[in-house]
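Grab a coffee and work through these exercises with the model open beside you. Each one sets a task and then walks through a solution.

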Amino acid sequence: MFQPFFALSAIPDITNAVVCSLCFYRLHQTWNATKQTDLRTDYFRKTYLFLVLSYIAYALPVVFFSTSPEILSKAYIIGNSGFFLALVSFVRIPVSFKWPKAQRPIFYGMLGVGLVFVIMGFLFPPNPEV
């Protein structure tokens, strides 16, 4: 059921998703133009892709299911997992400059920590206030 008041609270997330998708599009053009030689551009591009998905995961349930606490709590967990994926992808950039050989273990270690938190989030979901 669509409720306009709650749908208005999704406007900042939709705006962020649009801005991040424009950044992703531009980085994707750069990635294709450079013949995919710089992996740091790919990491930055993936960061924006995960940010777009996170903001969409926050905004759409608020617009369409604003009175369902169960759906909102699951969307919150999914959105946070997208933010964590964006963080992990972004951290690869400075790590690739300083410690290029430790980049993969740090990446997979952070992914493992994020997976633990996502599983804990689904086991003990937050109760959103509506």
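First, a bit of vocabulary: on a 1 Å grid over the protein atoms alone, a pocket is an open set of points where a 1.4 Å probe fits, with protein on both sides within 12 Å along at least five of seven lines, and lining residues have an atom within 4 Å of a point. This is a predicted model, where local features need pLDDT of at least 70 and side-chain atom pairs count only at pLDDT 80 or more, while totals for chains, interfaces and linings use all residues. Residues are numbered from 1 along each chain as its sequence is written, and side-chain values use heavy atoms, with hydrogens and water left out.

**Exercise 1. Work out what lines the second largest pocket.**

Step 1: list the residues. Tyr-76, Ile-77, Asn-80, Ser-81, Phe-84, Gly-114, Phe-117, Val-118, Gly-121, Phe-124 and Pro-126 make up the lining.

Step 2: assign them to helices (DSSP runs of H or I, at least four residues, numbered from the N terminus). H4 (69-98) and H5 (103-123) each give at least two lining residues, and H4 has the largest share, with 5.

Step 3: sort by class. Ala, Val, Leu, Ile, Met, Phe, Trp, Tyr, Cys and Pro count as nonpolar, Asp, Glu, Lys and Arg as charged, and the others, Gly among them, as polar. You should get 7 nonpolar, 4 polar and no charged residues.

Step 4: add the volume, meaning the space filled by probe spheres set on the grid points, which are joined across faces, edges and corners. For this pocket that is about 180 Å³.

**Exercise 2. Describe how H2 packs on H3, and H3 on H4.**

Step 1: get the geometry. Axes are lines fitted to C-alpha atoms over the stretch in contact, with angles from 0 to 180 degrees between N-to-C directions. H2 (residues 11-33) and H3 (residues 39-64) pack at about 155 degrees, axes 8 Å apart. H3 and H4 cross at roughly 165 degrees, and their axes come within 8 Å.

Step 2: name the orientation. Angles over 145 degrees count as roughly antiparallel, so H2 and H3 are roughly antiparallel, and so are H3 and H4.

Step 3: check the contact residues. H2 with H3 has 17 nonpolar, 5 polar and 3 charged; H3 with H4 has 20 nonpolar, 7 polar and 3 charged.

**Exercise 3. Which kind of aromatic pair do Tyr-58 and Phe-83 form?**

Step 1: apply the rule. Rings of Phe, Tyr and Trp (its six-membered ring) pair if their centres lie within 6.5 Å; planes under 30 degrees apart are stacked, over 60 edge-to-face, the rest tilted. The count is 6 aromatic pairs.

Step 2: classify. With 5.4 Å centre to centre and 45 degrees between the planes, Tyr-58 and Phe-83 are tilted.

Step 3: place the pair. Tyr-58 is in H3 and Phe-83 in H4, 25 residues apart.

Terms used:
Angles under 35 degrees count as roughly parallel, over 145 as roughly antiparallel, 65 to 115 as roughly perpendicular and the rest as oblique.
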